[in-house]
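Colleague: I would like to go through this model with you, one feature at a time. Please reason each point through before you give the value or name.

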Amino acid sequence: MAVLLSISIIIYILLFFASVFFGLKFQFGEESKDERGRQILNTSYGIAFPLVILGWFIIYLIDDFLIPFSLDSYKMTIWFLITGTYIVHAVTLFILKRK
């Protein structure tokens with residue numbers, strides 16, 4: 001079970017780094033300089049980054065009303081919130097780019 005958890009964490013980290021690479025490549029590449037590229041970026045930001053506010057609110061509710069988090073678990077949830085948001089941003093970029 002510990003091996004499966006370690007493999008899952010490694011895959012998640014690799015997915016995060018791939019999404020950062022793809023997002024930066026799109027943002028600083030030639031594609032984002034035209035009108036369609038700017039529209040794709042704005043739509044992707046509009047979908048992904050409100051998830052930070054929603055996720056933070058959910059974390060706050062869980063911490064206050066269900067299970068109090070320790071410092072380590074709170075740091076882990078915030079890490080998943082930020083990295084997950086960026087993964088959603090890159091996936092949205094990828095989908096909108098293909099349309």
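The exchange below covers the core, the surface, the charged pairs and the aromatic rings.

Colleague: What kind of model is this?
Modeller: Local features are taken from residues with pLDDT of at least 70, and side-chain atom pairs count only at pLDDT 80 or more. The model is predicted.

Colleague: Which helix supplies the largest share of the largest nonpolar core?
Modeller: The core has seven residues: Phe-22, Phe-26, Ile-40, Leu-41, Ala-90, Leu-93 and Leu-96. Helices α1 (2-28), α2 (35-48) and α4 (71-98) each give at least two of them. The largest share is three residues, and the helix that supplies it is α4.

Colleague: Which residues does Phe-26 contact, leaving aside neighbours within four places in sequence?
Modeller: Phe-26 is itself a member of the core. Among its contacts are the core residues Ile-40, Leu-41 and Leu-93. The full list is Glu-31, Ser-32, Gly-37, Ile-40, Leu-41, Leu-93 and Lys-97.

Colleague: Is Ser-19 buried or exposed?
Modeller: Ser-19 sits in helix α1. Beyond residues up to four places away in sequence, Ser-19 touches Tyr-86, Ile-87 and Ala-90. Its relative accessibility is 6%, and the cut-off for burial is under 20%, so Ser-19 is buried.

Colleague: How much accessible area does the nonpolar surface patch with Leu-54 have?
Modeller: Leu-54 belongs to helix α3 (residues 50-66) and is partly exposed, at 48% relative accessible area. The patch joins Leu-54 with Leu-51, Trp-56, Phe-57, Ile-58 and Tyr-60. Together these residues have an accessible area of about 590 Å².

Colleague: How many residues apart in sequence are the parts that Glu-31 and Lys-97 tie together?
Modeller: Glu-31 and Lys-97 form a salt bridge, with their closest N and O atoms 3.4 Å apart. Glu-31 is partly exposed at 35% relative accessibility, and Lys-97 is partly exposed at 22%. Glu-31 lies in the loop between α1 and α2, whereas Lys-97 lies in helix α4, so the salt bridge ties together parts whose separation in sequence is 66 residues.

Colleague: By about how much of the helix are Glu-35 and Arg-38 separated?
Modeller: These two side chains form a salt bridge, with the closest N and O atoms 3.8 Å apart. Glu-35 is exposed at 56% relative accessible area, and Arg-38 is partly exposed at 41%. Because Glu-35 and Arg-38 are three residues apart in helix α2, their separation is about one helical turn.

Colleague: What is the N to O distance in the salt bridge between Asp-72 and Lys-75?
Modeller: Asp-72 and Lys-75 are three residues apart in helix α4 and are therefore separated by about one helical turn. Asp-72 is exposed, at 56% relative accessibility. The N to O distance in this salt bridge is 4.0 Å.

Colleague: How are the rings of Phe-69 and Tyr-74 arranged?
Modeller: Phe-69 is partly exposed at 25% relative accessibility, and Tyr-74 is partly exposed at 26%. Their ring centres are 6.2 Å apart and their planes are at 55°, so the pair is tilted.

Colleague: Which residues form an aromatic cluster?
Modeller: The structure holds eight aromatic pairs. In one of them, Phe-16 and Phe-17 have ring centres 5.6 Å apart and planes at 50°, so this pair is tilted. One aromatic cluster is formed by Tyr-12, Trp-79 and Phe-80.

How values were computed
Residues numbered from 1 in each chain as written. Heavy atoms only, no water. Core = buried A, V, L, I, M, F, W, Y, C linked by side-chain atoms within 4.5 Å. Buried < 20%, exposed > 50% of the residue type's maximum accessible area, 1.4 Å probe, protein only. Helix = DSSP H or I, 4+ residues; strand = E, 2+ residues; numbered from the N terminus. Contact = heavy atoms within 4.5 Å. Patch = residues over 30% accessible without salt bridge, like charges linked within 9 Å, V, L, I, M, F, W, Y side chains within 5 Å. Areas by Shrake-Rupley, 256 points an atom, 1.4 Å probe, with all protein chains shown as cover. Phe/Tyr/Trp six-rings, centres within 6.5 Å; stacked < 30°, edge-to-face > 60°.
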